[in-house]
Amino acid sequence: MVSTARLSTFGKLLACSLLLAAACAPSESAYGFPPQASSAEELLTLPGEIGKQGGRLVVALRAEPKTLNPLTAADAPSREVILGAMQADLVHINRATQLTEPALAKSWKVSPDGLQYTLKLRKGLRFSDGQPFEADDILFTIRACLDEKTNATQRDQLIVGGKPISVRKVDAETVVFQLAKPYGAGERLFDGLAILPRHLLEKTYVERKLAQAWTLATAANQWAGLGPFRLKEYVAGQKLVLERNPYYWKKDAKGNRLPYLDELVFLFVPNADAQVLRFQSGETQLISRLSAENFSALSRQQGGYSMSDAGPGLEYNFLFFNLSEPGEKTSPDLARKMKWFRDVKFRQAISAAIDRDAIVRLVYQGRGAALWGPVTPGNLRWGDSAIPHTARSLEKARALLKEAGYTVAAGANGEPALVDSGQKPVEFSILVSSTNADRTKMATLIQDDLKQLGIRAQIVPMEFRSLLDRVTQTRQYEACVLGLVSFDADPTAEMNVWLSSGGTHLWNPSQAHPATIWETEIDKLMEQQLGAANYQQRKKAFDHVQEILSDNQPMIFLASPNILVGAKNSVGNFHPAVLEPYVLWNVEQLYFKDSPGNARQ
Amino acid sequence: MRYFLRRLTQAAFLLVGVSILTFLFSTLAPGNYFDEMRLNPQISPETAAALRAQYQLDRPLQVRYARWVNSLAHGELGFSFANNSPVAPLLWVRARNTLLLTLTATLISWALALTLGIWSAATLGRLPDRALSWATAALLVIPDLVLALGLLILAVRSGWFPAGGMSSVGIESFSPVQKFRDVAWHMALPVSALVLSAFPILVRHVRGAVAEVLEAPFLRAAASYGIRRRTLLYKYALRAAANPLISLFGFSVGALLSGSLLVEAVMSWPGLGPLLLEAILARDLYVVIGGVLCSTVFLVAGNFLADTLMYWADPRIRTGAPAK
Amino acid sequence: MIQRRRWVRWLLVLAVLHGIVACAGFFAPYDPAEQDRERPYAPPMRIHWIDTKGNFNFRPFSYEQQLRAGSFDQFEERTDQIIPMIFMPEGARYHLFGLLPSHTHFFGGKTSRIYLLGSDAYGRDQLSRILYGGQISILAGLLGAGLTLAIGMLIGATAGYYGGWRDGLLMRVAELFVALPWLYLLFALRAFLPLSVSPLQAFFLIIVVIGAVGWARPARLVRGVVLSAKERDYVRAARGFGAADGYLLRRHILPETANVILTQAAILVPQFVLAEMTLSFLGLGVPEPVPSWGSLLASLQQYSVLVSYWWMYLPALAVVPFFLGYLGLASALQDNVGTGKIERTTSEGRW
């Protein structure tokens with residue numbers, strides 16, 4: 001697979017010229033002039049505002065990244081740092097347009113049967129330590145990622161049609177990927193797949209220590225990447241400092257090599273409110289994912305910054321019931337309640353009774369969107385306009401419940417209570433994560449809505465991991481409010497949510513066979529869109545999936561928050577997106593409008 | 001000598017007991033660190049299970065405990081899943097930061113408590129004493145959290161103090177003097193919060209102890225000999241009143257690592273507290289055990305120190321007479 | 001003489017405060033769970049006697065508030081809509097002392113709701129929530145403190161009286177209890193309980209666990225007192241006369257501990273109320289929609305609430321008279337026995 005063998009003659013010539021160029025280039029300091037782009041390098045030109053060189057940007061992170069290793073990074077802060085600023089991929093999804101664009105690969109061709117992707121790489125690129133970027137690095141990355149012993153979290157992304165993809169090198173600038181089955185999402189597969197430097201990591205890989213490599217304590221000279229910034233320093237518990245990558249492969253329309261910033265500093269501020277304080281005091285210049293109240297509080301004050309509401313993101317929150325099969329461990333009480341949950345009219349009634357407008361108003365202060373399906377208005381290409389956006393109607397809910405055989409009787413304290421056909425009062429518990437204030441608020445509003453129907457719902461706050469254990473492992477729960485957010489707008493990113501065999505198919509995870517007819521239907525449609533040839537076919541299939549979800553309501557969709565961010569007025573080229581990373585997706589183009597080389601404190 | 005040996009063995013048993021119980025507790029709650037991956041559609045359950053197996057989270061309790069003791073012998077304290085590194089280096093750095101804060105706060109609190117307490121006892125019942133009583137009562141009534149938050153708002157509104165953290169962003173380029181000043185400036189608020197919450201109780205105790213001693217006949221005799229008031233108070237009265245204060249001091253030492261958790265969390269000070277809190281929420285088992293053990297070591301050391309000091313300071317204990 | 005009156009005075013103050021909280025149903029104008037989604041975070045309404053025309057009304061009234069057009073959190077007073085205040089109206093149903101159903105409240109608004117202390121995120125009346133919240137928090141404090149003292153007294157007396165290996169063992173166990181991370185246990189507890197346990201019951205179970213855990217300090221103190229009481233001459237004399245252990249403990253030694261126990265109680269109740277607030281901080285407190293002072297204060301962690309909604313501070317002020325009362329009682333009890341010994345027998349440091 002990986003040919004560590006001979007370079008072609010061209011390759012040797014290239015290497016020599018590169019070495020010559022490197023020797024002749026003026027030695028640059030971290031803050032000085034970047035090396036001039038040699039003609040042998042094929043840089044990507046980005047359109048947009050031309051900025052000024054210099055400056056240090058400070059951003060706050062909610063938690064410390066766990067690692068700098070793209071293979072094992074699973075948590076959000078690590079991904080934000082690694083994929084946002086330190087690594088590059090072959091094909092990148094532009095966060096603003098939500099479409100793919102060339103990155104390390106300058107062009108690609110798909111074979112007619114959809115099984116082969118031929119990518120042409122840019123010539124002459126180098127890693128942040130000056131070593132050349134070659135096709136062999138890609139082969140190494142794929143091999144390391146697919147190796148089961150590495151336990152890479154990205155491995156599952158590279159398995160298409162049940163088989164891992166394979167890659168071979170055609171020449172120094174062309175690689176061919178072979179898939180086992182056609183992949184509908186196409187080249188989106190490559191987004192987020194960071195290309196690793198073979199020259200630094202191959203030895204570690206052979207020693208089977210790759211998963212432990214590149215911790216936060218890695219020395220700066222042991223790390224190299226293709227992203228706009230490279231590792232400078234890590235201070236435990238406080239900050240991670242990145243410096244400009246002088247070999248970055250993008251330039252602006254005037255030919256200046258990007259990025260403009262000299263340094264990018266990530267401060268670890270665990271508390272959302274502490275982040276607001278730091279932003280106000282000027283210690284950080286960008287702030288991302290604000291809550292609606294903090295956003296309003298900041299908007300009301302003047303401080304040389306401007307706040308933006310980027311519109312609904314991709315996060316969708318929902319209420320779902322336990323639809324799994326009762327097992328031996330299920331108490332008769334729970335089994336009785338699960339009978340209610342399995343009645344589709346019951347779920348539809350609950351959905352009709354929920355006041356989604358109040359949720360958007362009271363939880364998100366109006367900065368959100370009510371949802372009737374999993375695709376939010378922030379998703380530019382996959383929304384289905386045929387899904388009915390039914391307004392809240394208690395009468396409809398009561399009618400549905402009556403049809404389903406529930407009646408209203410006099411309850412314990414004189415209040416009306418809903419009872420089922422066996423005269424048992426309808427009451428159940430709703431699990432929420434104890435640390436998530438927004439979802440607790442949603443659950444409280446739902447609790448009050450259900451009271452109008454005579455249903456007594458108890459809210460049970462539980463520590464997050466225990467909650468997940470109950471929902472996905474032991475199945476000992478009744479109802480739950482959770483939220484999901486994908487990093488890509490494409491439905492293929494959520495296969496495991498909609499497939500009945502998926503682990504994230506929350507209402508009944510990891511089924512051996514689909515439990516209901518409509519779940520069988522959804523499985524078929526999701527497989528269809530996975531392999532379909534073009535966007536129209538995929539959209540038709542996924543629209544159908546959304547309609548089935550709307551008819552059967554396994555998840556009662558609630559609301560989606562807007563992406564609320566802010567930046568100091570001195571930061572230029574600030575265009576927040578609704579896909580992660582919200583403010584740093586174009587970090588290579590951010591610059592400081594006041595005098596260059598000045599870090600704003 | 002035998003006494004010390006006995007205390008040491010007791011301390012050792014305590015540490016072992018704490019480690020075992022913490023291990024037990026951690027397995028009571030269902031779920032573990034890798035559960036969070038279940039909610040990520042990109043990662044299949046098999047990968048999560050493989051990771052769990054790799055870190056041996058699926059082995060029985062005894063096996064895990066034995067392996068942990070083994071790593072303890074090697075100077076590491078287990079492995080932190082959340083931070084992807086051995087636990088020991090993590091803990092040292094954070095513990096150092098916490099100690100910087102709490103040592104300063106303890107010294108200041110005690111200095112304040114001693115001076116104000118003695119003054120209060122000397123002017124018992126008169127204006128200074130009453131004013132101090134009211135002030136301490138007011139401080140005692142405010143919960144720690146509200147106190148810390150209040151100071152934080154003060155920082156933001158006035159801009160005199162930084163809103164959190166331990167040092168400014170560009171600290172690497174500062175001269176040593178500037179570095180010292182920068183850290184001191186960042187320390188001002190957390191230390192104030194700690195001092196304001198700790199010294200009211202200390203003052204009351206000092207006042208009580210010294211006031212009782214001031215009634216004693218030997219002091220009245222000394223006064224009648226014409227010994228200066230300051231010498232009377234600080235040299236004679238304080239020493240006689242030292243007994244309960246020493247055990248209090250032992251508790252202060254014992255709480256050096258654990259007492260500042262809330263303040264550190266609110267003020268984003270990178271100490272042991274936020275690390276432990278995060279580790280508990282993330283189910284990072286070995287960090288929690290390591291942190292708890294460190295705190296216990298300090299607790300035991302504090303008690304030990306108190307006992308030793310008392311032994312040295314109070315002759316009644318040395319001669320074996322029944323101590324108060 | 002004078003000393004006796006001092007603590008009686010404090011006890012009366014506390015009795016009044018507890019009485020108000022116990023009769024929360026009467027004093028609170030509205031049901032604490034009743035939401036008003038049109039008025040989230042409404043500021044407190046002012047009470048007027050003189051209307052816009054300058055006339056004096058015997059009956060106090062307030063002006064209706066509504067959201068400014070296009071805003072989600074700015075309220076303005078509508079001077080054209082008056083809500084007169086009425087006394088002893090019929091309102092939401094409640095159970096006085098949990099037993100007697102009643103409808104009468106102390107005051108209310110005639111045409112619409114009067115938010116004397118503002119409203120919270122769901123538009124629920126803060127005054128009602130503070131009063132009802134007091135019930136939960138004070139009960140948690142009393143329950144926790146009572147349990148801790150009972151266990152502490154039992155263990156401390158045993159250790160102090162019998163001495164020897166029992167003493168050593170119990171004191172070592174006490175050290176263990178102080179050192180352990182109880183947070184894990186609390187997580188485990190909530191995760192373990194079957195879902196059919198009502199959240200309120202679960203909360204009290206958690207309080208019981210905290211109470212069962214905090215006995216170490218009182219035990220130490222009781223042990224100290226019992227140790228010194230044991231050596232008193234009259235106790236030795238009684239033993240010389242052949243008195244049994246039980247008699248000695250009951251008649252002579254335990255009454256000595258009364259002062260320590262009482263002062264500890266006065267200190268511990270506020271500490272347990274604080275513990276309840278800390279639990280709510282971690283999200284393990286009493287769940288919605290039942291209010292408690294802890295959950296009322298939890299929203300203060302958010303910066304936006306700190307800056308914009310000052311009336312959410314008021315639950316902290318509600319705690320203050322109780323703490324002052326208990327503290328006053330504690331010092332009054334302390335002064336009964338003489339300054340030095342008290343300070344030594346009170347809690348050694350803050351949690």
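**A tour from helix 2 to the A–B interface**

Begin by selecting helix 2 of chain A, whose buried residues pack, with heavy atoms within 4.5 Å, against strand 2, strand 11 (229-235), strand 12 (239-244) and strand 14 of chain A. Helices here are DSSP runs of H or I with at least four residues, strands are runs of E with at least two, and both are numbered from the N terminus. This is a predicted model, in which local features need pLDDT of at least 70 and side-chain atom pairs count only at pLDDT 80 or more, while totals for chains, interfaces and linings use all residues. Residues are numbered from 1 along each chain as its sequence is written, chains are lettered from A and ligands numbered from 1 in the order in which they are written, and side-chain values use heavy atoms, with hydrogens and water left out.

Within helix 2 (residues 76-86), highlight the buried residues (under 20% relative accessible area, 1.4 Å probe, protein chains only), among them Pro77(A), Val81(A), Ile82(A) and Met86(A).

Next, show both chains together: 47 residues of chain A are in contact with 42 residues of chain B. The area buried between chain A and chain B (accessible area, 1.4 Å probe, lost on being put together and summed over both) is about 4100 Å², with carbon and sulfur atoms giving 51%. On the chain A side, select Lys66(A), Asn151(A) and Arg465(A), which lose the most area to chain B, together 17% of what that side buries.

Finally, select Glu64(A) and Arg94(B), which form a salt bridge (a side-chain nitrogen of Lys or Arg within 4 Å of a carboxyl oxygen of Asp or Glu) with the closest N and O atoms 3.3 Å apart; the rule finds one salt bridge across this interface.

How values were computed
Buried area = accessible area lost by both parts, 1.4 Å probe. Buried < 20%, exposed > 50% of the residue type's maximum accessible area, 1.4 Å probe, protein only.
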